[in-house]
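Here are some short exercises to work through with the model open on your screen. Try each task before reading its solution.

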Amino acid sequence: MSVLRPNLLPLSLPYPNGTSILPYPTRRLPHFETLPKILCAAKRTGKQRYPSEKKKLKLKHKEALTDVKNKFDGIWRLSKLAVSVQNDPGKDFLGVSDGLLQEIAKAIKFPVASMLPPEAFSVIRKSFDARKMLKEAKFVYTVDMDVSELINLEPRTIDFISDLEPRVGLIEHMPLERVSGDIISIIQDCKKVEGERLLKEGGANGYSCNAGTYKYTGSRKPKIAVVGSGPSGLFASLVLAELGADVTLIERGQPVEQRGRDIGALMVRRVLELESNFCFGEGGAGTWSDGKLVTRIGRNSDSVLAVMKTLVHFGAPGNILIDGKPHLGTDRLVPLLRNLRQNLQGQGVSIKFGTRVDDLIIEDGHVVGVKVSDSRDQQKLDCHKLGFDAVILAVGHSARDIYHMLLSHDIDLIPKDFAVGLRIEHPQELINSVQYSSLSTEVHRGRGKIPVADYKVASYVSREDGKTPSSSGPTSRSCYSFCMCPGGQVVLTSTDPSELCINGMSFSRRASKWANAALVVTVSTQDFNSLDFHGPLAGIDFQREFERRAAVMGGGDFVVPVQTVTDFLDGKFSVTSLPPSSYRLGVKAAKLHELFPMHITDALRHSVSVFDKELPGFISNEALLHGVETRTSSPIQIPRSSDTYESLSLKGLYPVGEGAGYAGGIVSAAVDGMHAGFAVAKRFGLFLDGIESVLGKAQGAGFAKY
């Protein structure tokens, strides 16, 4: 068994140049006017908009206000319908309530709300808005109104529909209802259409038609290896299996059942299973996290909707399609992943758990297979070869050995900006009170009328004189909250016993008494170089440096170094009166203000002060900082073709998902894997059209900040 327990670490570690890393010279920060200027990040409006944004908005207005040819045809979408908390059944009710009917009646100017038939309306989105600028908190709805159904059930509405005029963002007409299904039904529909076309043409082009389907009839099915069973790997496998490829899914970790037991051993006995933990195993790192399904790549895009509906198909609750901030929680992800695994196996996918890819087999500049070994064998003594026609590399951002292996084959790896920082934890009741005021009594630990309160904060830090020395990093950087887990807990995400890194997680109900979020600062190659880390893997070396420092501060045994927010701001060290922490392996008072270089610490300090102005009470004696958060996103990107998804350095290799630098969360990783699956299928003749013809072109996740 590849099980290791950490030893107590030395009290100091050397810099790359040989000097001691602890302690940093520090200075007290009594006056904020001497500090870098901070601007709160905000959405651009009015004159602040870029010309391209103004042009796009103007075009949208023009399209929306174009005369509607037939107001009685199709769907009218009613947005920003606000229902007070008193008039709404609560966050778990997703139907059409009397309070919502009243707002619908106002929108269409119908005099008697009680006469409107609820059956004519469908809730598309429901969110909770408790911003301080509002007089009162409200549930905000987007509703689709089926005109023909409405008139059929209540004919007296016909005159009011006739008077409706489009208003951008409020009332919009959609002549044809767009219905997108889960990825399985989408593929089945594509196969049926293609089968009917080929049937008319006599079954040409290497396909045979039978009962409206088509199959590849070459000498053999293309053999595809998918490395990694996170969201991108699972969705790539699902697409390829549905389209008839011979798929082998290779996962270094364990299925969720065994993975859960391994994580339990870590939490109870401090035993870290190197290949089955919070980062490695079925479902990827997101399985034991909050299960957030928010995304920055277009919530209403066909690709995102296909992913969301596929999750529902495999057991996710239907409310993720409606909730303004959908999330699953670990407890719901585990049975969902089990269902997805059983579907893949039913499609003939061979799943190899506990199998680590050690190397690629390359011939004439083309991948022809992989070398694998039992992941429990750290010496790699029993390595054997598997042949494939293509390899989809869907590893997560913690598979550092894979990056080193790729570099040994001269595959291009580009250092990528990411973010590092600390995880802050407050009592959840404090966050509820800050966000909801008197309404906080309605939360009831996730079982109340309104959702458990969360937050999202960001600031932009810049040097006033712009003369920051290059050794101190960039002259400006962003600081923001990341992976906020309401009603959650802080967990260990280390993959090496000599390193310490953390994350947050929540269960579906979010019933914990704590709220936590990472507070992170962007870092770049300039920061890496300042610590004498260079080359494509400099970002990984940078991560490891601070993970090792955090392990030193904690004293070993996975104990996490902590510091109150007030002490962090003042540069003080207090060993007594620490507030309680949700972290189960123990915490130790430490000088976290000495963990990072001063310019990163300063950015964190200033941003915390700004956040306290937006969320009064954010700076509190009950707020506890935990170290260290380093794995916010991949530190590298593997260049690939935007059309074929194939590596630009090696034929037959398809880097996808978060580990390859093309996603930032469960949904965007799943979308990337899905599109890559179609691209590979097209390469081997399993899918004749491009995926864009079905789901549109995928949007890149970019550098996810929130």
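**Exercise 1.** In which loop does Ser114 lie? Then work out whether Ser114 is buried or exposed.

*Solution.* Before starting, note that this is a predicted model, where local features need pLDDT of at least 70, side-chain atom pairs count only at pLDDT 80 or more, and totals for chains, interfaces and linings use all residues. Residues are numbered from 1 along each chain as its sequence is written, and side-chain values use heavy atoms, with hydrogens and water left out.

Step 1: find Ser114 in the loop between helix H2 (98-108) and strand E4 (121-129). Helices (H or I, at least four residues) and strands (E, at least two) are DSSP runs, numbered from the N terminus.

Step 2: check the surface. Ser114 has a relative accessible area of 68%, so it is exposed. The cut-offs: buried is under 20% relative accessible area, exposed is over 50%, and partly exposed is in between (1.4 Å probe, protein chains only).

Step 3: take one distance. Ser114 and Gly99 are 15 residues apart along the chain, and their C-alpha atoms are separated by 9.8 Å.

**Exercise 2.** Describe how H6 and H9 pack, starting from the angle and the distance between their axes.

*Solution.* Step 1: the pair is helix H6 (residues 231-242) and helix H9 (residues 330-346), with an angle of about 30° and axes 10 Å apart. Axes here are lines fitted to C-alpha atoms, for helices over the stretch in contact, and angles run from 0 to 180 degrees between N-to-C directions.

Step 2: classify the angle. H6 and H9 are therefore roughly parallel to each other; under 35 degrees is roughly parallel, over 145 roughly antiparallel, 65 to 115 roughly perpendicular, and the rest oblique.

Step 3: list who touches whom. H6 brings Leu234, Ser237, Leu238 and Glu242, while H9 brings Leu337, Leu340, Asn343 and Leu344. Contact means heavy atoms within 4.5 Å.

**Exercise 3.** How many disulfides does a search of the whole structure find? Explain the result for Cys279 and Cys501.

*Solution.* Step 1: the search comes back with 0 disulfides, using a cut-off of 2.5 Å, within which a pair of cysteine sulfur atoms must lie.

Step 2: look at the pair. Cys279 is in no disulfide, and its nearest cysteine sulfur belongs to Cys501. From the other side, the sulfur of Cys501 has Cys279 as its closest partner at 6.0 Å, which is too far for a bond.

Step 3: add accessibility. Cys279 has 10% relative accessibility, so it counts as buried. Cys501, at 1%, counts as buried too.

**Exercise 4.** What are the backbone oddities at Asp557, Tyr645 and the Gly627-Val628 bond?

*Solution.* Step 1: recall the background. Most residues other than glycine have a negative phi, and most peptide bonds are trans.

Step 2: take Asp557. Its phi is positive, about 60°, although Asp557 is not a glycine. Asp557 sits in the loop between helix H13 (538-554) and strand E24 (560-564), and at 25% relative accessibility it counts as partly exposed.

Step 3: take Tyr645. Phi is near 70°, again positive in a residue other than glycine. Tyr645 lies in the loop between strand E27 (636-637) and strand E28 (653-655) and is buried, with a relative accessible area of 7%.

Step 4: finish with the peptide bond. Gly627 and Val628 are joined in cis, with omega about 10°, and Val628 is found in strand E26 (residues 624-629).
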